[in-house]
Amino acid sequence: MVRETVDVVVSGGGVAGLAAAAVFGTAGYSVVCVDPAPPVTDRQADGADLRTTAFLQPSVQILKDAGLWDRLSPFATPLQVMRIVDAGGVVPEPRVTHDFDAADISDQPFGWNLPNWLLRREMVAHLRTLPNVGFHAGVGTVRLTTRQSEALVTLTDGATLRARLLIAADGRASPMRQALGIDVKTTRYGQKALAFAVTHPRPHNNVSTEVHRSGGPFTLVPLPDHEGQPCSAVVWMETGQEVARLLALPTEVFTAEMNTRSCQVLGPLTLASKLTTWPIISQIADQFYGERTALVAEAAHVVPPIGAQGLNMSLGDIGTLLAVSTPETLGDADSLRAYHRRRWPEVRARIAGVDLLNRASMVGGQALRDARATALNALYSAAPVRKTLMQLGMGMRRA
């Protein structure tokens, strides 16, 4: 049976899927967003996503247009400076440091950082205020049938939704992408990321710091104070084997290793949350559309968590998809081809750039680490190059 006929069905209720529902709903389209798992909106709950998202300037404008930013901004921490620290010497201590200050290219911060669990809480609350948007948690998509004029999406409860456009935001293993037979190219690095929160005695001063040694970066991203102490989110990338070893350590031993790896750039770190882990891959779909369907976010592309590119690329997908759509052309072949032409080459270039940075951060031999430090010092010391990299990273220039 057909439960409902709408303009847009969004498959996936993660941050990107919820954002897509808000963007298209605010634009006047009728939208239903479905996700097989209810969103975890409490920091302490099992399954809470303890990663954070830094929304760069172009993404914030998309959130403003969707009516989301007024809800999110009170919880957001500005990112004024991106600091790169090379600690790849014989002794784990900073030896090369470069700051990328947003003031060099803009009168606004690079972006604003928020925890993912909180994003989902506020986005779900916002969707409830939109009369033309429905969010159904606990219901997933299991089958897709497309025709020239519509997509028929069968749900896990047996109902079917009819839509002019299906937005597949259902993750890196996207069932909807698979239903369309669209292949992906995947690069596996043998890495995992540990994500958690810490407190520290020194204020972060709205500086996001990446400490490079081997295995991948150790990144501290500013958060609001926690229990009266300065607080940051940590993403610690290492080989899968090393992450397994770290997870098995007693808390006091893990804390000691964490402080060695961070070089105590903010003083001694104290764990302020449980640990979560995520596999690190790069992935890009062969094309970002099928009949009556657009792939966005991790259904279309995945990148390692370097340079705050992941979710900002996803919001770029959503903004572009809205821009190529009109009430008359929504979901038709021409608009979907236009979406692919605009997004796929840029996404491919950004994935290549992040891949290069990640491979450089992984080098383990001392000679290679020394070569990395020399090359990065020469590159980042040139002011025009530094400004260009900042503009590319924020999406102010095309990659």
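Strands E3, E7 and E4 line up in that order as an open, antiparallel three-strand sheet. Strand E3 (52-56) and strand E4 (77-79) sit at the edges, each pairing on one side only, and the average twist from one strand to the next is 35 degrees. Keep in mind that this is a predicted model. The chain around this sheet holds 11 helices and 20 strands, and 54% of its 399 residues are buried.

**More on the sheet**

- E3 runs antiparallel to strand E7 (residues 111-115), and five bridges hold the pairing.
- If you want a landmark in that pair, look for Thr52, which stands opposite Pro115 in E7.
- Helix H4 (residues 116-127) lies across E3 and E7, and its direction makes an angle of about 90 degrees with E7.

**Helix H1**

- Helix H1 takes in residues 15-26, and its 12 residues reach 16 Å from first C-alpha to last, close to the 16 Å expected at 1.5 Å a residue.
- There isn't much of H1 on show: 11 of its 12 residues are buried.
- The buried set runs through Val15, Ala16, Gly17, Leu18, Ala19, Ala20, Ala21, Ala22, Val23, Phe24 and Gly25.
- After H1 comes Gly28, with a positive phi near 105 degrees.

**Nonpolar cores**

- The largest nonpolar core counts 84 residues, and Phe24 and Leu321 have the most contacts inside it.
- H1 gives this core its largest share, nine residues.
- Leaving out neighbours within four places in sequence, Phe24 is in contact with Val8, Tyr29, Val31, Leu165, Ile167, Ile318, Leu321, Leu322, Ser325 and Leu330.
- Another core lies apart from that one, with 17 residues, including Val198, Phe218, Leu220 and Leu266.
- As a bit of background, nonpolar side chains in soluble globular proteins tend to be buried together.

**Helix H7**

- Helix H7 (residues 251-262) agrees with expectation on length, because 12 residues at 1.5 Å each should span 16 Å and the end C-alpha atoms are 16 Å apart.
- Which residues of H7 are buried? They are Phe254, Thr255, Met258, Asn259, Arg261 and Ser262.
- These buried residues cover an arc of only 160 degrees around the axis, so they fall on the same side of H7.
- What they pack against is a mixed group: strand E12 (184-199), strand E13 (207-212), strand E14 (218-226), strand E15 (229-239), helix H6 (240-247) and strand E16 (270-271).
- Following H7 is Cys263, which has a positive phi near 60 degrees.

**Pro304 and long-range contacts**

- Pro304 is in the loop that links strand E20 (301-302) and helix H8 (310-323).
- Is this loop residue, Pro304, buried or exposed? Its relative accessibility is 2%, and the cut-off for buried is under 20%, so Pro304 counts as buried.
- Once residues up to four places away in sequence are set aside, Pro304 touches Tyr189, Met237, Ile280, Ile281, Ser282, Val354 and Asn358.
- Take Val354 from that list: it is 50 residues from Pro304 along the chain, with the two C-alpha atoms separated by 7.0 Å.
- For the chain as a whole, 73% of contacts between residues at least 6 apart in sequence join residues at least 24 apart.

Technical notes: Residues numbered from 1 in each chain as written. Predicted model: local features only at pLDDT ≥ 70, side-chain atom pairs only at ≥ 80, totals over all residues. Heavy atoms only, no water. Helix = DSSP H or I, 4+ residues; strand = E, 2+ residues; numbered from the N terminus. Expected span 1.5 Å × (residues − 1). Buried < 20%, exposed > 50% of the residue type's maximum accessible area, 1.4 Å probe, protein only. Arc of directions from axis to C-beta. Contact = heavy atoms within 4.5 Å. Pairing = 2+ DSSP bridges. Axes fitted to C-alpha atoms, helices over the stretch in contact; angles between N-to-C directions. Core = buried A, V, L, I, M, F, W, Y, C linked by side-chain atoms within 4.5 Å.
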